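Opening the notebook on a new model today. I want to look up the ligand site, the domains and a few single residues.

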Amino acid sequence: MSTKNFKDYLDKNQIDYQQQVSLKEYTTLNIGGKAAFFCAPKSVEEVEMLITQAKANNIPYFILGNGSNVLVSDNGYAGVIIYLKKHMHQVRVKDDVIYAQAGAMLWDVCEVAHKHALTGLEFAYGIPASIGGATFMNAGAYGGELKDVLTSCTTVDEKGDMHTYSNEDMQFSYRHSRLSHANEIVVEISMQLAPGESTVIRQRMDELWQRRQSKQPLDKPSAGSTFKRPVGGYASALIDQAGLKGFVLDNAMVSDKHAGFVVNHAGATFEQFIALIEHVKKTVEKESGILLEEEVRILK
Ligand SMILES: Cc1cc2nc3c(=O)[nH]c(=O)nc-3n(C[C@H](O)[C@H](O)[C@H](O)COP(=O)(O)OP(=O)(O)OC[C@H]3O[C@@H](n4cnc5c(N)ncnc54)[C@H](O)[C@@H]3O)c2cc1C
């Protein structure tokens, strides 16, 4: 690994970067140590440059969206964080199609859709995701998923080559896309929406936001649903039935408002959070025979 070469390259090419950045500040869980390099590319070309240089210098890289589904180790990350939110967040509209760069926030894109009286994306209002993270995860809520609107996805692969995938190519399923197995970075997507009625769109967005506020522990740091929905049931119901709603282990807690959310209720460490996840999995499996699978992505 040559961090010196990498740093020299960043300086020479005037890449926007910092060293030793606390990832705690960049995740909704508020957990995590420092990243060796934290780079905010300004263009697709810079994304390609970062990937090829990281690889050439044998330095691992990780793409961070809004950090709303990532649990970072307290030891931090001895590699390069590629962060698109800072500069690559442009959104444009042509007819009924929205083109959004991966660093745009999903709720901002929902606002753009509303402004242009385009319907189809209301389900996503309130998911604290970047477009890149939402595409990677096939984020969804209230009966909709990103796969319902995405028409194309442009990525950069490990060699720095670009690809454009159709909806079908993306192999979307529940919280899964082709990106789950390929180390590719989403740089832009397009979404096909339909002409709608502005006031109806606003009403639906506000209604869903209110539902979130009443059901989810939005006042506590979390990564949303900690576990995927198991076949034929809901993780939150299984956790509740196992008597774990409100269960506290050190500084981590199963929310007493929504048992599907494990929250950082008092400055939990990475180890404490993992210990509670493991405890929940073991207890639920013992009680119901169902093994829960984490939805949250772990970076260490
Ligand atoms: C309060 C709360 C409520 C939530 N509600 C929902 C919900 O209703 N529905 C739902 O689906 N999720 C929900 N989530 C979880 C989370 O918002 C989603 O999983 C979201 O899609 C993650 O997006 P992100 O930009 O934060 O990605 P991150 O958390 O930063 O990253 C998640 C994964 O995506 C990858 N990734 C990020 N950007 C890119 C990119 N440009 N290219 C390739 N890979 C990328 C990362 O490497 C990582 O593996 C919620 C979370 C919270 C905190």
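My entries below go from the ligand outwards to the domains and then to three loop residues.

**Entry 1: what I am looking at.** This is a predicted model, so I keep in mind that local features need pLDDT of at least 70. I looked up the domain assignment before anything else, and it gives domain 1 (3–83), domain 2 (91–215) and domain 3 (235–299).

**Entry 2: the ligand shell.** I asked for the residues around the ligand and got 35, with Ile 63, Gly 65, Ser 68, Ser 130 and Gly 140 as the closest. Sorting that shell by class gave me 18 nonpolar, 13 polar and four charged residues.

**Entry 3: polar atoms at the ligand.** Which residues put N or O atoms by the ligand? I noted a polar side-chain atom of Ser 130 at 2.6 Å from a ligand oxygen. Arg 212 also uses its side chain, with an N or O atom 2.8 Å from an oxygen atom of the ligand. With Val 186 I had to look at the backbone: one of its N or O atoms there is 2.8 Å from a nitrogen atom of the ligand. Next I checked the areas: the ligand taken alone exposes 960 Å², and the protein buries 95% of that.

**Entry 4: elements of the shell.** I then listed the elements that give two or more residues to the shell, and found strand 3 (61–64), helix 4 (131–137), strand 9 (140–141) and strand 13 (185–192). Which element has the largest share of the shell? Helix 4 does, with five residues.

**Entry 5: where the ligand sits.** I wanted to place the ligand relative to the domains. Domain 1 and domain 2 both give residues to its shell, so I put the ligand between them.

**Entry 6: domain 1 and domain 3.** I turned to this other pair and got 29 Å between their C-alpha centres. On the contact list I have 13 residues of domain 1 against 14 residues of domain 3.

**Entry 7: Asn 66.** I found Asn 66 in the loop between strand 3 and strand 4 (70–72). Is Asn 66 buried or exposed? Its relative accessible area is 15%, and because buried means under 20%, I wrote it down as buried. Its side chain makes a polar contact of 2.7 Å with the side chain of Lys 85. A polar atom of the Asn 66 side chain is also 2.8 Å from the backbone oxygen of Pro 128. Setting aside neighbours within four places in sequence, I count among the contacts of Asn 66 Tyr 26, Thr 28, Met 105, Ala 129 and Ser 130. I had already met Ser 130 among the closest residues to the ligand.

**Entry 8: Ala 40.** This residue is in the loop between strand 2 (34–39) and helix 2 (44–56). Ala 40 has a relative accessible area of 2%, so I marked it buried. Beyond four places in sequence, Ala 40 touches Asp 16, Glu 46, Tyr 83, Lys 86 and His 87. I also took one long distance: the C-alpha atoms of Ala 40 and Ala 252 are 31 Å apart, with their positions 212 residues apart along the chain.

**Entry 9: Thr 226.** My last stop was the loop between helix 5 (198–215) and helix 6 (235–241), where Thr 226 lies. At 2% relative accessibility, Thr 226 counts as buried. What does Thr 226 touch, leaving out residues up to four places away in sequence? I listed Gly 260, Phe 261, Val 262 and Ile 277, and then Glu 293, Glu 294, Glu 295 and Val 296.

Key: Residues are numbered from 1 along each chain as its sequence is written. This is a predicted model: local features need pLDDT of at least 70, side-chain atom pairs count only at pLDDT 80 or more; totals for chains, interfaces and linings use all residues. Side-chain values use heavy atoms; hydrogens and water are left out. A residue is near a molecule or strand if one of its heavy atoms lies within 4 Å of it. A polar contact is a pair of N or O atoms within 3.5 Å; within protein, one must be able to donate a hydrogen and the other to accept it, and residues adjacent in sequence count only if both atoms are side-chain atoms. Accessible areas come from the Shrake-Rupley method with a 1.4 Å probe; for residues, only the protein chains shown count as cover. Helices (H or I, at least four residues) and strands (E, at least two) are DSSP runs, numbered from the N terminus. Ala, Val, Leu, Ile, Met, Phe, Trp, Tyr, Cys and Pro count as nonpolar, Asp, Glu, Lys and Arg as charged, and the others, Gly among them, as polar. Domain bounds come from an automatic or database domain assignment. Buried means under 20% relative accessible area, exposed over 50%, partly exposed in between (1.4 Å probe, protein chains only). Contact means heavy atoms within 4.5 Å.
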